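The exercises below concern enclosed space and residue burial, and each is followed by a solution worked in steps. Please have the sequence and the coordinates open while you read.

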Amino acid sequence: MSKLQPVRGTRDLLPEDCRRHRAIGDTARAIAERYGFGEIVTPIFEFTEVFQRTLGETSDIVTKEMYTFPDRGGEMLTLRPENTAGVARAFISGGLGQMQPLKFFYAGPMFRHERPQKGRLRQFHQIGVELIGVPEPLGDVEVIALGAHILEVLGVLGKTTLEINTLGDAESRNAYRAALLEFLRARRDKLSAESQERLERNPMRVLDSKDEGDRRIVAEAPRNTDYLTPAAAEFFKRVTGGLEALGVRYQINPFLVRGLDYYCHSAFEFTTTELGAQSAVLAGGRYDGLIETMGGPPTPGVGWAAGIERLAMLIAEPAAPARPVAIVPIGPAAEAVALNLAHELRHAGVTVELGYRGNLSKRMKHADKVKARAAIIIGDDELAKNAVMLRDLDSGVQELIERARLIERLAPRT
RNA sequence: GCGAGCGUAGCUCAGCUGGUUAGAGCACCGGAUUGUGGAUCCGGGGGUCGUGGGUUCAAGUCCCAUCGCUCGCCCCA
């Protein structure tokens, strides 16, 4: 660290970046509120256990991607790699079980120790929702519809495809896993080296391998839909039926699996081809077993998370900030007046740019650079008349205005 | 953790097979313009050529190492 530099995989968000991030966070929050989701903010770090127990001891996130460190006193803490576990912990420790169903929206930074690449950082930001206490498939439908709605308003829905799959209930999942394992073991030699490893550790992972050879084999593998219990099949049918009723277009992807252990039934991903090697923009699923796994009462849940940086690469330029009015004083007497005038106008709701130095020409240049819509020029002549010269910087037309009438002229109408 | 590509000014880059004071555009600052911006013209500041070592009479250029960035694998938002 000889040069002062940001930690690998972290970024400074300059005002322009922040506007993009805020446009995403604000619209998502507003739409989520329309669906009855209220914002929750949980700490960005938790006891390591919170993530270890929920994400599964063998998941990649737990085994190699967590920022974990000892607190003074020796407790192990972890910077949150995702927020579902934190929300679930809040549900349990806050005794929120009395108020079900609960509908939460969140936005904030997450941390994963991965190799950075396009659409992937060590500190990144997510928005997400969690619907807790609703075992009905209607919950899945509403949560997915909310995600689609947000993407639509952000103008990126058309760039994505909703892929959906069902992992079924525990019984379905176990039956399918056994069948898949048998099928793959018989073809072990033909699988890629990586998939041979996946085979024992997490056979479902072989399904979404990028290797061509693997894909050919997988295409003939048993389908999960053939192993669903009647109840799980019915559940999935109601989810897809609900999406159809709402006109949310989807594509069933039998190979879609989720990395995290706590998912069941619905697994879904809004994917895009515009993010390099990354495809998921907004992804989630149902996690009925999670809260119980953490030591809480058996409580169903369904939710999703979306990467703000990834969305930021897809959305159009957000609306420009309000153009200011620039105050351009000429001479020391006028400067004193300018300061007061700026103060007054700002309190009246006007965005004001007060140049700090320079002659008339310099200040006008500055006004132009900050994209001012108008300049208020004050010199000795204007001072003598208790007026200002108001110049429209787009048209170049200027007129003398009494000071007393300036605010009514510039203040935003309400 | 693994693989590939790239590190020259604040930004984007040029610098031919190693050759003497390292360049351009944009940006920045000043002037033309001490009551008028956008355009144009003139001038200016700014670089230990990522870092360290090696080869050579001579290295931004070749070799090695190292650090960083980017993209990809794994995995994921």
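**Exercise 1.** In this predicted model, state the volume of the second largest cavity and describe its lining by element and by residue class.

*Solution.* The second largest cavity holds about 30 Å³ of space. Its lining is made up of A326, I327, V328, E353, G355, R363, H366 and A367. Assigning these residues to elements shows that β12 (325-329) and α13 (360-369) each contribute at least two of them. Sorted by class, the lining comprises four nonpolar, two polar and two charged residues.

**Exercise 2.** Determine how many cavities of 30 Å³ or more a search of the whole structure finds, and characterise the largest cavity.

*Solution.* The search yields two cavities of 30 Å³ or more, and the volume of the largest is about 70 Å³. Among the residues lining the largest cavity are N165, T166, S172, R173, Y176 and P254. At least two lining residues come from each of β7 (161-166) and α6 (170-186), with α6 giving the largest share, three residues. By class, the lining of the largest cavity divides into seven nonpolar residues, four polar and one charged.

**Exercise 3.** Locate A375 within its element, and decide whether A375 is buried or exposed.

*Solution.* A375 lies in strand β14, which spans residues 374-378. Because its relative accessibility is 0%, and buried means under 20%, A375 counts as buried. Leaving aside residues up to four places away in sequence, A375 touches A326, V328, M364, M389, L390, R391 and L393. Of these contacts, A326 and V328 also appear in the lining of the second largest cavity.

Definitions and conventions: Residues are numbered from 1 along each chain as its sequence is written. Chains are lettered from A and ligands numbered from 1 in the order in which they are written. This is a predicted model: local features need pLDDT of at least 70, side-chain atom pairs count only at pLDDT 80 or more; totals for chains, interfaces and linings use all residues. Side-chain values use heavy atoms; hydrogens and water are left out. Helices (H or I, at least four residues) and strands (E, at least two) are DSSP runs, numbered from the N terminus. Buried means under 20% relative accessible area, exposed over 50%, partly exposed in between (1.4 Å probe, protein chains only). Contact means heavy atoms within 4.5 Å. On a 1 Å grid over the protein atoms alone, a cavity is a set of points where a 1.4 Å probe fits but cannot get out, and a pocket is an open set with protein on both sides within 12 Å along at least five of seven lines; lining residues have an atom within 4 Å of a point. Grid points are joined across faces, edges and corners, and a volume is the space filled by probe spheres set on the points. Ala, Val, Leu, Ile, Met, Phe, Trp, Tyr, Cys and Pro count as nonpolar, Asp, Glu, Lys and Arg as charged, and the others, Gly among them, as polar.
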